[in-house]
Amino acid sequence: MREAFTVAIDGPAAAGKGTIARAVAAELGFPHLDSGLLYRAVGARLLEGEDPVAAARSLNTAELDEHALRTAAVAQAASKVAVLPEVRAALLDFQRAFARRAGGAVLDGRDIGTVICPEAEVKLFVTASPECRAERRTAELRARGAEVDAAEVLQDVLARDARDRDRAASPLRQAPDAVVLDTTSLTIEAAIAAALDAVRAARPSVP
Ligand code: CDP
């Protein structure tokens, strides 16, 4: 039987986790789960007036409309529903099963290496200065056609970071055994190469 091999990538908002996770997953041929999309989907349903706990319990993880979920309003709503232990509990089993599937998996989020899969073979904590993260998120949202103000994006990122770090349920924390990747002055190619180095250190058979 093919064994589990989990690459857990955590870090604050817009640090580059998603881009690195997608590239690492493609390189290894592993499936990738962006766990933030689960919280964004619940946040979107809160904005539609639904109870977030009921929304989390009935979430269809196979039908997440990534494009519609990548807005600043949904991101803020996601970080509000993410403080609720019942919401987190409803999303736990799906993430855990994904992490430990046979053959390996890459997951990114806030609590993958600390709560969802503390036994992950590779843990990365991806970070960057708040200004750099806000700049990248502003460019990303503009590329999607949104009209956003850079100063407001920075305020959004800082508010979300504070909520994610200060909550009681699975707060954003660096796992003690995580490799820290500060991408502030790295190109995306260099960040991906550093992430793959950490994977190879844990599994030398990766080409
Ligand atoms: O892409 P970005 O880093 O801006 O955010 P995201 O990963 O899509 O996550 C949106 C929000 O969901 C975060 O601000 C967290 O509040 C929450 N989240 C979480 O609590 N736990 C996770 N594993 C992933 C996301």
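In this predicted model, the side chain of Arg88 puts an N or O atom 2.8 Å from an oxygen atom of the ligand. Arg110 does something along those lines too, with a side-chain N or O atom 3.1 Å from a ligand oxygen. On the nitrogen side of things, Asp111 steps in: an N or O atom of its side chain lies 2.9 Å from a nitrogen atom of the ligand. As for cover, the ligand taken alone exposes 530 Å², and the protein buries 97% of that.

Zooming out a little, the ligand sits in the largest pocket. Its surroundings amount to 18 residues, and the closest of these are Arg40, Arg88, Arg137, Arg160 and Asp164. Arg88, then, turns up both in that closest set and in the 2.8 Å pairing with a ligand oxygen.

Where does the shell come from in terms of helices? Helix 2 (35-47), helix 5 (72-81) and helix 9 (150-166) each chip in at least two residues. Helix 2 gives the largest share of the shell, with four residues.

Away from the ligand, there is the matter of the cysteines. The structure has zero disulfides, so no pair of cysteine sulfur atoms comes within 2.5 Å. Cys117 is tucked away at a relative accessible area of 1%, which makes it buried because the cut-off is under 20%. Cys132, at 13% relative accessibility, falls under that 20% limit and therefore counts as buried as well.

Terms used
Residues numbered from 1 in each chain as written. Predicted model: local features only at pLDDT ≥ 70, side-chain atom pairs only at ≥ 80, totals over all residues. Heavy atoms only, no water. Buried < 20%, exposed > 50% of the residue type's maximum accessible area, 1.4 Å probe, protein only. Near = heavy atom within 4 Å. Polar contact = N/O pair within 3.5 Å; in protein donor to acceptor, adjacent residues only side chain to side chain. Areas by Shrake-Rupley, 256 points an atom, 1.4 Å probe, with all protein chains shown as cover. 1 Å grid on protein atoms, 1.4 Å probe; cavity = no way out; pocket = protein on both sides within 12 Å on 5 of 7 lines; lining within 4 Å. Sits in = over half its atoms within 2 Å of the grid points.
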